[in-house]
Amino acid sequence: MVRVSCAALLLGGLLLPLAAQADCHHRRLDKVMENGRTVQLDDGSEWQVSDSDQSEAAGWEQDATITACEDELINTEVHESAEAREVKRGFNVPEAQAR
C-alpha cells in the first residue's frame with residue numbers, strides 16, 4: 001500500500017514541520033534487500049519495512065534520496081513512503097543533500 005505522506009509532498013519545495021525535522025535524517029538509498037523487506041541506507045543503517053509496503057520499497061532505485069524518520073522512510077524521488085523501523089544503527093556520517 002503506497003502512502004504519499006504530507007511530509008513527502010512538502011519536501012518537494014517546502015520545509016518539513018519543525019517537530020519532524022528533529023526526528024528525520026536525509027540519506028541515500030544504498031540497497032533494497034529481500035524483495036523490499038529490508039532497506040539499507042548510505043550510513044549503513046538497515047530498516048525493516050512493513051509487510052504492506054514491501055512491494056513499493058522493492059522498486060526503489062539505488063541512490064534515491066530517502067528521508068528516514070522514526071517509523072517511516074520517505075522516498076523523495078518518487079514521493080512514496082513506507083512504514084519501517086530501524087533494525088541496525090548506522091554510522092555518524094553527514095546527511096545527504098536533496099537533489
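Glu34 lies in the loop between E1 and E2. The model is a predicted one. In it, phi of Glu34 is near 55°, a positive value in a residue other than glycine. Most residues other than glycine have a negative phi. Glu34 counts as partly exposed because its relative accessible area is 49%. The Glu34 side chain also takes part in a salt bridge. Its partner is Arg37, and the closest N and O atoms of the two are 3.4 Å apart. Arg37 is likewise assigned as partly exposed, at 40% relative accessibility.

A second non-glycine residue with positive phi is His79, at about 55°. His79 is found in the loop between strand E5 (72-75) and E6. Its relative accessibility of 32% places His79 in the partly exposed class.

The overall fold was examined next. The protein contains three helices and six strands. Read from the N terminus, the order of elements is α-α-β-β-β-α-β-β-β. The protein has 99 residues, and 41% of them are buried. Contacts with a sequence separation of 6 or more were also considered. Of these, 57% join residues 24 or more positions apart. The accessible surface of the protein comes to about 5900 Å². Carbon and sulfur atoms contribute 50% of that surface.

Four salt bridges are present in the structure. Side chains of opposite charge can pair when their charged atoms come close. One of the four salt bridges joins Asp42 and Arg27, with an N to O distance of 2.8 Å. Asp42 lies in the loop between strand E2 (38-41) and strand E3 (46-49), and Arg27 lies in strand E1 (residues 25-33), so this pair ties together parts that are 15 residues apart in sequence. The two partners fall into separate accessibility classes. Asp42 is partly exposed at 36% relative accessibility, whereas Arg27 is buried at 4%.

Asp43 also forms a salt bridge with Arg27. Here the closest N and O atoms are 3.8 Å apart. Asp43 sits in the loop between E2 and E3 and Arg27 in strand E1, so the parts tied together by this pair are 16 residues apart in sequence. At 11% relative accessibility, Asp43 counts as buried. Arg27, Asp42 and Asp43 are thus linked in a network of salt bridges.

The loop between E2 and E3 holds Asp43, and Asp43 also figures in contacts with the segment after strand E6. Phe91 lies in that segment, which follows strand E6 (80-88). With residues up to four places away in sequence left out, Phe91 touches Asp43 and Gly44. Phe91 and Asp43 are 48 residues apart in sequence. Their C-alpha atoms are 5.2 Å apart in space. Despite these contacts, Phe91 counts as exposed, at 63% relative accessibility.

Lys88 provides another set of contacts. Lys88 is found in strand E6. Gly44, Ser45 and Glu46 are touched by Lys88, not counting residues up to four places away in sequence. Gly44 and Lys88 are 44 residues apart along the chain. Their C-alpha atoms are separated by 7.8 Å. Lys88 is partly exposed, with a relative accessible area of 41%. Gly44 is therefore a residue touched by Lys88 and by Phe91.

Charge on the surface was also examined. Asp23, Glu70, Asp71 and Glu83 gather in a patch of negative charge. Residues of such a patch have over 30% relative accessible area and no salt bridge. Asp23 has its place in helix H2 (residues 18-23). At 44% relative accessibility, Asp23 counts as partly exposed.

Methods:
Residues numbered from 1 in each chain as written. Predicted model: local features only at pLDDT ≥ 70, side-chain atom pairs only at ≥ 80, totals over all residues. Heavy atoms only, no water. Patch = residues over 30% accessible without salt bridge, like charges linked within 9 Å, V, L, I, M, F, W, Y side chains within 5 Å. Areas by Shrake-Rupley, 256 points an atom, 1.4 Å probe, with all protein chains shown as cover. Lys, Arg positive; Asp, Glu negative; His and termini not counted. Charge placed at Lys NZ, Arg CZ, Asp CG, Glu CD. Helix = DSSP H or I, 4+ residues; strand = E, 2+ residues; numbered from the N terminus. Buried < 20%, exposed > 50% of the residue type's maximum accessible area, 1.4 Å probe, protein only. Contact = heavy atoms within 4.5 Å.
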